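Trainee: I would like a close look at one part, the place where the chains meet. Please set the scene within a chain, then work across the contact.

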Number of protein chains: 2
Amino acid sequence: MKFSIHRQAFIKSLNDVQRAVASKTTIPILTGIKLVVTNDALILTGSDSELTIESTISTDEEESQLIIQKTGAVVLPSRFFGEIIKKLPSDTVTIEVNDHFQATISSGSASFTLNGIDVYEYPHLPEIDSDQVIVLPVPLLRQMIQQTIISASVEESRPILSGIHFVLKDNLLKAVATDSHRLSQRIIPLQIDALENSLEYEFTIPRKTLIELSRIIEGLETIELSIKENLALFQTEHLSFFSRLLDGRYPDVERLIVVENTTQLVIQANELLNAAERASLMSNANSSKVAKITLSSDSVRLTSQSPEIGTVEEELSYESTEGSPMEISFNPDYLKDALRTFGHSEIVITFNSVIRPFKLEPKDPLSSIDNSFVQLITPVRTFA
Amino acid sequence: MKFSIHRQAFIKSLNDVQRAVASKTTIPILTGIKLVVTNDALILTGSDSELTIESTISTDEEESQLIIQKTGAVVLPSRFFGEIIKKLPSDTVTIEVNDHFQATISSGSASFTLNGIDVYEYPHLPEIDSDQVIVLPVPLLRQMIQQTIISASVEESRPILSGIHFVLKDNLLKAVATDSHRLSQRIIPLQIDALENSLEYEFTIPRKTLIELSRIIEGLETIELSIKENLALFQTEHLSFFSRLLDGRYPDVERLIVVENTTQLVIQANELLNAAERASLMSNANSSKVAKITLSSDSVRLTSQSPEIGTVEEELSYESTEGSPMEISFNPDYLKDALRTFGHSEIVITFNSVIRPFKLEPKDPLSSIDNSFVQLITPVRTFA
């Protein structure tokens, strides 16, 4: 195997696939990057066995200046290989691998040798036939992920909750996440061809996959999604993104989203976020994080206290309130996360009772779809 | 105690004094910031008992908008107090402390209470009379620190080596640091008044003090230094910087700096730095970090190897070599640190033998003073 390539183009691909490489793994070869050189392309692969990222650089792409002299394959230690490539002195790098899987990396006057491993030891990826491909608009997909991932659980106790649950049905794509204390839902319309209109999918993608996906696809227009058995494949021209799906049945959360309206508050998301950040300075000092919002007919107050440190109290500026007075306690960190997904827009908060979740949604709906963007937060029960 | 102040001016002072506050300390009150309000100034103090920083904001300074309503003093928990001040909603903050040392912090519609402590429990600072003040040029002082601090020891085994040793004599200020594997020396001329010409000082200032000092005084022109017993005081208009001096006798390193010339290399510091960074990729993989430089009459090569990972080898571009061939092994991390202090300038490296330190100095001397800027590195002995 021997090829030369423009170093910056190579670094970009390397950075992409390295995102999937686990620093700790029980399968040692997965700490490596797989390089495969075919007659017309260089394919890099990184994987932690749950998530696999493949980047393809073709000889057709002029800016990559890829010149293939001999086909072949090797697995090289990811961290060292990446650091070496990034520190080379010249714009071009040549990599040659001998029969003992030893790579010689040359650039300008510097020359590295790096011990590699036979590629046959690297796990094989399943084939996914691309008969049923769903084309997703990247900016909207990234927005969906950002708006819901806050509620995906970071704990291991119920694995199914550590992902975002997607439902594709009737030309709508719905994303839901919940850690059982809060819930996020976003629904977007999808233009699906008549032929594929009958497609119905339900699947849960792990949090980590979606964080990496969202990062890597920034700036792209569309991405193709295929689902097969327990695997999702996201594909762009240069990148393939394989992810294991989470096993198990996602809980039915539909009924939670209906919040009967006792009290409503209309407020700037940003205004409330700043106050919640101040309140959480106090609540963070306690083992149980609690802040309290008190709505009366003519004022809205946010308060929090820490017996050791002190108290915080704030009168909020708001657009309007409606309904019965309400005093409700909650974790201000959850409120902060939820509020950040609304940016600077005006939101409606609907309360039912002190023991029922309250609902945040944009005052100006994002679409005509019911509950197209909702954040739910479960209150904390307190004695006071 | 009661005052109001422009929040940004207050944050600047807070940030400065917080640099001295230790996150962990055996003296609980030192996790606090001391606030003292006099008739015409607000004085903030932070300390970890080794380093104390005091910032004074006077009512004369217009931009601080300091209005004093009642004098007094209190100690407030540093982290919470800082976070609260930084997150307040308005440009102005008012702080009022009651007889129970409880502070009320108000800004816009937000109001915090914070439990404080009686200021009498806070350690007292010694008085330093300022009869004998040395005026130091800040840019040159910061350069001196940056050029020598790399060799100050980060280990605790010989405390005296964990600082920079300063010698003031004959209108020269010398700074030396060594961790016994390498040594840095910088000498600058000082314009000292005839009256103070007889001043002679020798003192060793801890590494941490100098790092914080260097950071805080950036952008200033001059700073005043007074030394008394085991304390140094650096002073500007608004800041006082008290530091404990390190106890003990600094080793005599003068004789080390004379390196008999067997072989000389003239090279761009930056060129060698880039190669050393590549070499250290390999050496970092080993428990003993070693790279090797090989000088012959017509080439200079830098090499390093890791039995598990691979090798690196590089022909260097250089200006000139002179003297006998030389092959010398060393820790490339030490070389990197030393080279960074020279920027992009051309340097002369003088070698004597494979067991004697080699010396780096600028090709164009910084001043007419002998050895005004020197980096020494002790080689590593190897079998190969």
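**From the domains to the interface**

Mentor: In residues 256–364 of chain A, helix makes up 22% and strand 40%, and the end C-alpha atoms lie 22 Å apart. Keep in mind that this is a predicted model. UniProt, in an unreviewed entry, lists this span as "domain: DNA polymerase III beta sliding clamp C-terminal". At the other end of the chain, an unreviewed UniProt entry gives residues 1–126 of chain A as "domain: DNA polymerase III beta sliding clamp N-terminal". That stretch is 17% helix and 43% strand. Its end C-alpha atoms are 25 Å apart.

Now the contact itself. Chain A puts in 27 residues, and chain B puts in 27 residues. Together the two chains bury about 2400 Å². Of that area, 58% sits on carbon and sulfur atoms. On the side of chain B, three residues stand out: Lys87(B), Arg278(B) and Leu281(B). They supply 25% of the area that chain B buries against chain A, more than any other three residues.

Which elements of chain B give two or more residues to this side? There are two helices, H2 (78–87) and H5 (269–283), and two strands, E9 (110–115) and E21 (310–315). By residue class, the chain B side holds 13 nonpolar, 6 polar and 8 charged residues.

Take the strands next. Strand E9 of chain A, residues 110–115, pairs with E21(B). The sense is antiparallel, over 5 bridges. For a point to find on screen, go to Phe112(A): its bridge partner in E21(B) is Val312(B).

Then the polar side of the contact. How many residue pairs are in polar contact between chain B and chain A? The count is 12, with both residues at pLDDT 80 or more. Salt bridges are another matter: the rule finds 0 across this interface. Over all chains, however, the structure holds 40.

One of them lies within chain A, between Glu212(A) and Arg215(A). The closest N and O atoms are 3.7 Å apart, and the cut-off is 4 Å. Why are these two about one helical turn from each other? Because they are 3 residues apart in helix H4 (residues 207–216) of chain A.

To recap the interface: E9 of chain A and E21(B) pair in the antiparallel sense, 12 residue pairs make polar contact, and the salt-bridge count is 0.

Definitions and conventions:
Residues numbered from 1 in each chain as written. Chains lettered and ligands numbered in written order. Predicted model: local features only at pLDDT ≥ 70, side-chain atom pairs only at ≥ 80, totals over all residues. Heavy atoms only, no water. Contact = heavy atoms within 4.5 Å. Buried area = accessible area lost by both parts, 1.4 Å probe. Salt bridge = Lys/Arg side-chain N within 4 Å of Asp/Glu carboxyl O. Polar contact = N/O pair within 3.5 Å; in protein donor to acceptor, adjacent residues only side chain to side chain. Helix = DSSP H or I, 4+ residues; strand = E, 2+ residues; numbered from the N terminus. Nonpolar A, V, L, I, M, F, W, Y, C, P; charged D, E, K, R; others polar. Pairing = 2+ DSSP bridges. UniProt positions renumbered as here; feature names shortened; annotations may be inferred.
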